[in-house]
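Visitor: I have just started learning to read protein models. Could you show me this one and explain the words you use along the way?

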Amino acid sequence: YLSGNASTQEGFRAHYINMLNYIRTNGLTDQKHYNYINTQMDVQSFINYNLSNIYFNNRDWPHNNIDFWRYQTAYDSTAGPGRDGRWRWMMFDTDFGFGTWNNFDYFNNTLNFALEDSGPNWPNPPWSTLLFRKLIENTSFRHAFINRYADELNSRFLPAQVSAHIDSLSLRVASEISRHYSRWGGDINSWTQQVNNMKNFGSLRPLQANQHIRTTFNLP
């Protein structure tokens with residue numbers, strides 16, 4: 001279990017470091033090298049993880065809040081999910097995203113942000129974008145990323161779906177909000193406004209995300 005720039009939380013990091021060194025040495029434009037990396041990391045997990053943070057416009061990432069793990073075994077394509085020895089990524093702490101700090105965050109091209117090769121030490125330094133940048137050079141990965149992002153924008157990230165999901169979550173805690181503010185201070189109207197801000201982000205983000213995909217990858 002690693003975090004950040006391959007900082008060890010549990011176990012060992014040698015497998016991950018070896019994978020990065022292989023990528024630095026060989027690149028991933030050649031399909032045979034990309035095929036090998038598919039035995040070292042769960043590429044679909046990486047795609048889902050990245051496109052979600054990008055859609056959310058999570059700007060406290062990728063330098064921060066990045067955790068990844070693998071079951072300590074040699075690659076086994078017949079093993080069950082999570083036990084095939086490949087690296088997978090975990091989603092957590094996305095509260096910088098979804099318009100909660102800026103009502104106009106839905107405009108941000110977070111796709112370019114996640115592919116920046118010379119970003120500052122925080123929030124997107126070169127080490128934190130390296131793996132995504134190298135993978136995107138491979139045609140198969142690039143097509144898979146674009147298609148999966150498009151699938152999500154046409155299903156899970158549809159405005160009506162997002163709004164309904166936010167409503168379902170806010171309804172679960174609504175009865176506690178007044179007691180929360182009674183104890184800790186504040187105004188319940190600010191909570192209502194934040195919920196509405198998130199729904200507004202979900203309504204406006206897909207059109208922007210579609211544009212970002214087309215401009216970043218020069219698509220019609």
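**A walk through the model**

Guide: Happily! This is a predicted model. Let us begin with helix α7, where V162, I166, S170, I177 and Y181 are buried.

Visitor: What covers the buried residues of α7?

Guide: The cover includes α3 and α8. Contact here is a matter of heavy atoms within 4.5 Å.

Visitor: What makes α7, residues 159-184, fall short of a straight helix?

Guide: Compare two lengths. With 26 residues, a straight helix would reach 38 Å at 1.5 Å a residue, but the end C-alpha atoms of α7 are only 33 Å apart. There is also a bend of about 50° in α7, at A174.

Visitor: And what follows α7?

Guide: G185 does, and its phi is positive, near 90°.

Visitor: Why are α5 and α6 called roughly perpendicular?

Guide: The axes of α5 (residues 126-136) and α6 (residues 139-153) cross at roughly 105° and come within 7 Å. Angles from 65 to 115 degrees count as roughly perpendicular, and therefore α5 and α6 earn that description.

Visitor: Which residues meet there?

Guide: From α5 come F132, L135 and I136, and from α6 come F141, R142 and F145. By class, this contact has five nonpolar residues, one charged residue and no polar ones. Arg counts as charged, so R142 in α6 is the charged one.

Visitor: Why is F98 called buried?

Guide: Its relative accessible area is 12%. Buried means under 20%, so F98 qualifies. You will find F98 in the loop between β4 (88-90) and α4, with phi near 65°, a positive value in a residue other than glycine.

Visitor: What makes a positive phi worth pointing out?

Guide: Most residues other than glycine have a negative phi.

Visitor: Is N218 buried or exposed, and how do you know?

Guide: N218 has a relative accessible area of 69%. Exposed means over 50%, so N218 is exposed. N218 lies in the segment after α8 (188-216), and its phi is positive too, at about 55°.

Visitor: Where are the cis peptide bonds you can show me?

Guide: One joins W61 and P62, with omega about 10°. Its P62 lies in the loop between α3 (43-56) and β3 (67-69). Another joins W122 and P123, with omega about 15°, and P123 sits in the loop between α4 (110-114) and α5. Most peptide bonds are trans.

Definitions and conventions. Residues numbered from 1 in each chain as written. Predicted model: local features only at pLDDT ≥ 70, side-chain atom pairs only at ≥ 80, totals over all residues. Heavy atoms only, no water. Axes fitted to C-alpha atoms, helices over the stretch in contact; angles between N-to-C directions. Helix = DSSP H or I, 4+ residues; strand = E, 2+ residues; numbered from the N terminus. Parallel < 35°, antiparallel > 145°, perpendicular 65-115°, else oblique. Buried < 20%, exposed > 50% of the residue type's maximum accessible area, 1.4 Å probe, protein only. Expected span 1.5 Å × (residues − 1). Bend = angle between axes of the 7 residues up to and from the residue.
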